Number of protein chains: 2
Amino acid sequence: MEKQTITIYDVAREAAVSMATVSRVVNGNPNVKPATRKKVLEVIDRLDYRPNAVARGLASKKTTTVGVIIPDVSNAFFASLARGIDDVATMYKYNIILANSDGDDQKEINVLNTLLAKQVDGVIFMGHHLTEEIRGEFSRSKTPVVLAGSIDPDNQVGSVNIDYKAATKEAVIKLAENGHQNIAFVTGPLVDPINGVYRLEGYKEGLKEKGLAYNEGFIFESEYTYKAGLALYERIKNSGATAAFVVDDELAVGLLNGLQDNGVKVPDDFEIITSNSSLFTEIARPRLTSVSQPLYDIGAVAMRLLTKLMNKEEIEDKTVVLPYRLTEKGSTK
Amino acid sequence: MEKQTITIYDVAREAAVSMATVSRVVNGNPNVKPATRKKVLEVIDRLDYRPNAVARGLASKKTTTVGVIIPDVSNAFFASLARGIDDVATMYKYNIILANSDGDDQKEINVLNTLLAKQVDGVIFMGHHLTEEIRGEFSRSKTPVVLAGSIDPDNQVGSVNIDYKAATKEAVIKLAENGHQNIAFVTGPLVDPINGVYRLEGYKEGLKEKGLAYNEGFIFESEYTYKAGLALYERIKNSGATAAFVVDDELAVGLLNGLQDNGVKVPDDFEIITSNSSLFTEIARPRLTSVSQPLYDIGAVAMRLLTKLMNKEEIEDKTVVLPYRLTEKGSTK
DNA sequence: ATGAAAGCGCTAACAA
DNA sequence: TTGTTAGCGCTTTCAT
C-alpha cells in the first residue's frame, strides 16, 4: 500500500487544533500562543509533515518561483547571469525555472507561455532581440518581467544593462589613440539593438571623435562562437584592419588564435579589445584587454529588481545601468 | 479593477458543456465528439483561456517539472550537463527548476527539500560527494532521482557516468608509453569517489601495468579552478613530474599556462592529458589532449532515464555508463 | 459521449 | 488567540 501523504489536516487533528492554526505556525504568523506553537511544531516534527507548495500556490496565488528564459546555459556569458539570478532568487526564497530558447523567436514564445501557465510570479528574460510578438505577450500578461543583458527599445519592462555605447566608444578611442586608423568592429547579429544600435553608435562616435572615417568594410557580423572567430582571420586581414573591438570573448579568442596561428603578433601587429572579461580573457596568451561587464551583478540586480516588482513596490527607475570598466591586459599596448 | 482570470468553468459555461468535457478537450482525451471539441476549442480561443498548471498539479499530483541540483551553473562542465538535461526535459514536456548548491552539503539538503515541497516529479542531482544524509533523503522520498556525472557507491538511485577508472588508466598508460616515469595525478577533492576511488584506481593500475611504482608525492589534490592550476606549477615542478593527468580542464589550462609562463615547453618538456574536452582544450596553445566525456549526453541520458523512472517503466539497468574517447591534440607527443 | 460532484492541500476572510 | 468555512482551478471517478 502507498505511503499516505501527511497533510495539514493530519497535523491539526493530532495537535488538536484547527488547520488555520497549523497554517499560522507554518507560515510564522505571530498570532499564535507560544504553547500552541510548540505543540504544533512537535506534531509537525513527529509526523514529518512537509507543506505542499502546489496547494499553497493554488490557494495563495503565489508560487515563489520565477521563470528564466535564457538563450543557452552552456554559454559562459549567460551562465554567469544565471548564477547571479539564482543566488538572489534563493536569497528571497524564490526558485527559478530555467528554460533555454536558443534565441529562437518561437521557442521564446512557447516557453513564456508554459511559464505563465505554471503561474510563475515573475520572469527574467535574456535574449538578443525582442520581437514584437514577445513584447506583446509581456505587456498582455500582468506578470512582471525584467530583461537581463537585453534591451527593450521603449523601456516597457524593467531591464539591467551596462552602457554599451559608452563602453564601445571608449574602447575604440583607446585603439585610435594607440595609433590605429583601421579599426574593425567585430560584432554579433546587428538585429540585436545592443549591437546594431548602441555599440555601433559607440563605434561611430569613437571614430568621429578621433577624426577617423567610418567604413562599412570594417564591420564584421558573426556568430558568437570560437570557431567563427578563428574563421574571421582571413577576412579581417584582407580588410586591412590593424585592431579590432570584439563584442564577445569566445569570438575574440577565436580571432586571437586565428591571428597568432598565422604568425600575426598580438599586440605588436594587431590589437584587440574584447567585451566580457570572462575566464577566456585570462586564459588566452596574451591575455585579452576587455570591457569588463559585471555579468553576475547584472543577473543579481535583475532578480532583485524583479522581487521589487513582484512585491508591487514603487520603483524609481526600472531601467538600470550598471558600470563597466576597461581592463587592460596583454592584447593592447 | 483586476482583469478576471478565465477558468475552465468560464469555458464550460460559454460552450454549454461541463467542466469535465472542457478538461477532456484540453487534455486531448479522444472521448469527445468532434463537434463538441470544435465548439470548446472555439470558446477557448475566444476567451484566450490558459489552463492553470498549479491547479492541474494539485488535482493530478503531477507538476511536469523536475528539480535539478547543480553545484554551479557558471561552471562550464555542469552547464553542459544542464543543457542536455533541459533539452530532453523539454522534449518530454517537463520544465526544470535549477538550483545551485556550490557542492555544499547543507545547501544540497535544503534545496532538495524545497524541491520536494514543490512536488517536482523527479530530481536530477549533480554533485561531487553524496553524503549519507542526502542519500537518506533520496531513499526516504518516493520521488525518483538520477545522478548525472556523479556516483552513488551502492547504486541505490539511477546514475549516468563514464568509466572514470578505465579512462584514467588509458591516459596514464599513454603517458607512460611516451616515456614518462614520473606522472602526476592532478585531481579534485579525493572525497569525491570519482577522484578518490575510480580515477585513483585507474591511475594506479595504469602505473602498475607499465611497471611504474606508485608514489604519493605525485598526487596533487586541488580545487577545480584556473587559478589553482596556475598555482600548481611550482609544486609539480619540484616533484620531478614530467607529465600529468588532470581531471578538469580549467585546472589543466591553469597548469599549462603556469608551465609555459615559466618557460617549460609543452609537450616537449612536459605532457598533459586533461579530462573534459571543453572549449578550453581548443583554445589553449597547444591544444590539450583530453579524455572526451560526452557531457551533454550525460545530462540528456540522465534526463531520459528520469522520464522512464517517473513513468514507472521497467528499467534494465539504472546505472548507465557512457563511452569516452581519448582525443589527442597538442599537449602530448 | 457527457455530466455531476468530490476532492487535491492549502490560505484567508470572517467569526467567535 | 483560535476555529469555521469557502474557495483556489483543475482532474477524476462514477453515473448516465
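This is a short talk on the domains, the chain contact, the cavities and a few backbone details of a two-chain model.

Okay, hi everyone. Before anything else, please keep in mind that this is a predicted model.

Let's start with how chain A is put together. The domain assignment splits chain A into three pieces: domain 1 covers 8-51, domain 2 is made of 63-162 plus 295-322, and domain 3 runs over 164-292. If you take the C-alpha centres of domain 1 and domain 3 of chain A, they sit 62 Å apart.

Now, the place where the two chains meet. How many residues does each chain bring to the contact? Chain A brings 49 residues, and chain B brings 49 residues too. Together they bury about 4300 Å² between chain A and chain B, and carbon and sulfur atoms give 53% of that area. On the chain A side, three residues to click on are R83(A), K118(A) and I283(A): they supply 15% of the area that chain A buries against chain B, more than any other three residues.

There's charge pairing here as well. Across the interface of chain A and chain B we get 10 salt bridges, while the structure over all chains holds 48. Have a look at R83(A) again, since its side chain forms a salt bridge with the side chain of D72(B), at 3.0 Å from N to O. Another pair is R50(A) with E137(B), where the N to O distance is 3.7 Å. R50(A) is in the loop between α3 (34-47) and α4 of chain A, and E137(B) is in helix α7 (residues 132-140) of chain B, so this pair joins two chains.

Right, on to the holes. Searching the whole structure turns up six cavities of 30 Å³ or more, and I'll talk about two.

The largest cavity holds about 230 Å³ of space. Its lining has 13 residues, and those nearest the centre are V54(A), K118(A), V54(B), T65(B) and K118(B). You may remember K118(A) from the list of residues that supply 15% of the area chain A buries against chain B. Which element gives the most to this lining? That's α4(B), with three residues. Helix α4 (53-60) of chain A and α4 (53-60) of chain B each supply at least two. Sorted by class, the lining of the largest cavity comes out as six nonpolar, five polar and two charged residues.

The second largest cavity has a volume of about 180 Å³. It is lined by 15 residues, with F77(A), F78(A), H128(A), R199(A) and Y224(A) nearest its centre. In chain A, α5 (76-91) and α9 (193-209) each give at least two residues to that lining. By class, the lining of this second cavity has six nonpolar, six polar and three charged residues. And where does this cavity lie relative to the domains? Both domain 2 and domain 3 of chain A give residues to its lining, so the second largest cavity lies between them.

Last bit: some backbone spots to find on screen. In chain A, the peptide bond from R285(A) to P286(A) is cis, with omega near -5°. P286(A) is in the loop between α12 (279-283) and β10 (289-292) of chain A. In chain B, there's a cis peptide bond joining V266(B) and P267(B), with omega about 10°. You'll find P267(B) in the loop between α11 (249-261) and β9 (271-274) of chain B.

And then there's N155(A), which isn't a glycine but still has a positive phi, about 50°. N155(A) is in a loop too, between β4 (145-148) and β5 (158-162) of chain A.

That's it from me, thanks!

Methods
Residues numbered from 1 in each chain as written. Chains lettered and ligands numbered in written order. Predicted model: local features only at pLDDT ≥ 70, side-chain atom pairs only at ≥ 80, totals over all residues. Heavy atoms only, no water. 1 Å grid on protein atoms, 1.4 Å probe; cavity = no way out; pocket = protein on both sides within 12 Å on 5 of 7 lines; lining within 4 Å. Points joined across faces, edges and corners; volume = space filled by probe spheres on them. Helix = DSSP H or I, 4+ residues; strand = E, 2+ residues; numbered from the N terminus. Nonpolar A, V, L, I, M, F, W, Y, C, P; charged D, E, K, R; others polar. Domains from an automatic or database assignment. Contact = heavy atoms within 4.5 Å. Buried area = accessible area lost by both parts, 1.4 Å probe. Salt bridge = Lys/Arg side-chain N within 4 Å of Asp/Glu carboxyl O.
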